[in-house]
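User: Please zoom in on one part of this model for me: the strand pairing and what packs around it. I'd like one connected walk-through rather than a list.

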Amino acid sequence: MYQHILLAVDGSDHSVRAAEEAIKIAQLSPDSQVEVVFVADFGKIKDDVLHTEGTAGLEVARRKRLAPVEEKLEAADVSYYVTILRGEPGPTIVDHANQRQVDLTIIGSRGLNSLQEMMLGSVSHKIAKRVKCPVLIVK
């Protein structure tokens, strides 16, 4: 089945739902490992730095956003590790997934309406179009 599952998270409720699905899939194979990927968005880093106490505070804030996902993975006894990347979320996740030869990418959907998605493009849509492996978008 899927040995290397990339779970893209941003700290939202959508990420938690995506983690629940990743757990179900990872539990199907004892060799599965989930890579939890969080992208520090360049567009938001400046604001994040202003609201934290330096680099250490910024790292703590990021880990705090990941805590609900990590708690679910630990409770389910699923093997996982966390990777924090920097850049624009869509392209950064695509590049990482393609370079690491991921077996499955899982991401939550933000539920943009048709106009928002047409004008902005969603991260999940960008990933689904460009990643070279199956993609599961969780609503």
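Analyst: One definition to start: two strands count as paired when DSSP finds at least two bridges between them. Keep in mind, too, that this is a predicted model.

Let's place the sheet in the chain before zooming in. The protein chain carries six helices and five strands, and reading along the sequence gives β-α-β-α-α-β-α-β-α-α-β. The five strands make an open sheet, ordered β3-β2-β1-β4-β5, with parallel pairing. The edges are β3 (80–86) and β5 (135–138); each has a single partner strand, so one side of each has no neighbour in the sheet. On average, neighbouring strands are turned by 20 degrees against each other, ignoring direction.

Now for the individual pairings. Strand β2 (residues 33–40) is joined to β3 by seven bridges, and the two run parallel. Down at residue level, V34 has Y80 as its bridge partner in β3. Helix α4 (residues 89–100) packs on this sheet, touching β1 (4–9), β2, β3 and β4 (104–108). The direction of α4 makes about 150 degrees with that of β2.

H96 sits in this helix α4 and shows what the packing looks like from one side chain. With a relative accessible area of 11%, H96 falls under the 20% cut-off, so it counts as buried. Outside its neighbours within four places in sequence, H96 contacts L6, E35, V37, T83 and L85. H96 also lies 9.2 Å from V131, C-alpha to C-alpha, with their positions 35 residues apart in sequence.

Back in the sheet, β1 is the strand to linger on. It pairs with β2 in the parallel sense over six bridges, and V9 stands opposite F38 in β2. In a regular strand, side chains alternate between the two faces of the sheet. In β1, H4, L6 and A8 point one way while I5, L7 and V9 point the other, and all are buried. Six of the six residues of β1 are buried, so the strand is largely enclosed by the rest of the structure.

L7 takes us from the strand into the packing around it. Leaving out residues up to four places away in sequence, L7 touches A18, A19, A22, V34, E35, V36, V37, V69 and I106. L7 is also among the residues with the most contacts inside the largest nonpolar core, along with V34, V36, V69, L73 and I106. That core has 22 residues. At least two core residues come from each of β1, α1 (13–26), β2, α3 (54–75), β3 and β4. The most come from α1, which gives seven. There's a second, separate core of 13 residues, and its members include V94, A97, I107 and I127.

For a contrast with H96, take E74, which belongs to helix α3. Its relative accessibility is 51%, so with the cut-off for exposed at over 50%, E74 counts as exposed. The C-alpha atoms of E74 and I23 are 9.9 Å apart, although the two residues are 51 apart in sequence.

Past β4, the loop leading to α5 (114–120) holds S109. S109 has a relative accessible area of 15% and is therefore buried. Apart from residues up to four places away in sequence, S109 touches H14, S124, I137, V138 and K139.

Zooming back out, 41% of the 139 residues in the chain are buried. Of the contacts between residues at least 6 apart in sequence, 78% join residues at least 24 apart. The chain exposes about 8,100 Å², and 51% of that area comes from carbon and sulfur atoms.

How far should you trust all this? Mean pLDDT for the chain is 86, with 80% of the residues scoring at least 70. Element by element, β1 has the highest mean, at 97, whereas helix α2 (residues 42–50) has the lowest, at 51. Across residues 46–51 the pLDDT drops below 50, and this stretch has three contacts in the model beyond near neighbours in sequence. Where pLDDT is low, the predicted coordinates should not be read in detail.

Technical notes: Residues are numbered from 1 along each chain as its sequence is written. Side-chain values use heavy atoms; hydrogens and water are left out. Helices (H or I, at least four residues) and strands (E, at least two) are DSSP runs, numbered from the N terminus. Buried means under 20% relative accessible area, exposed over 50%, partly exposed in between (1.4 Å probe, protein chains only). Contact means heavy atoms within 4.5 Å. Accessible areas come from the Shrake-Rupley method with a 1.4 Å probe; for residues, only the protein chains shown count as cover. Axes are lines fitted to C-alpha atoms, for helices over the stretch in contact, and angles run from 0 to 180 degrees between N-to-C directions. pLDDT is the predictor's confidence in each residue, from 0 to 100. A nonpolar core is a set of buried Ala, Val, Leu, Ile, Met, Phe, Trp, Tyr and Cys residues joined through side-chain atoms within 4.5 Å.
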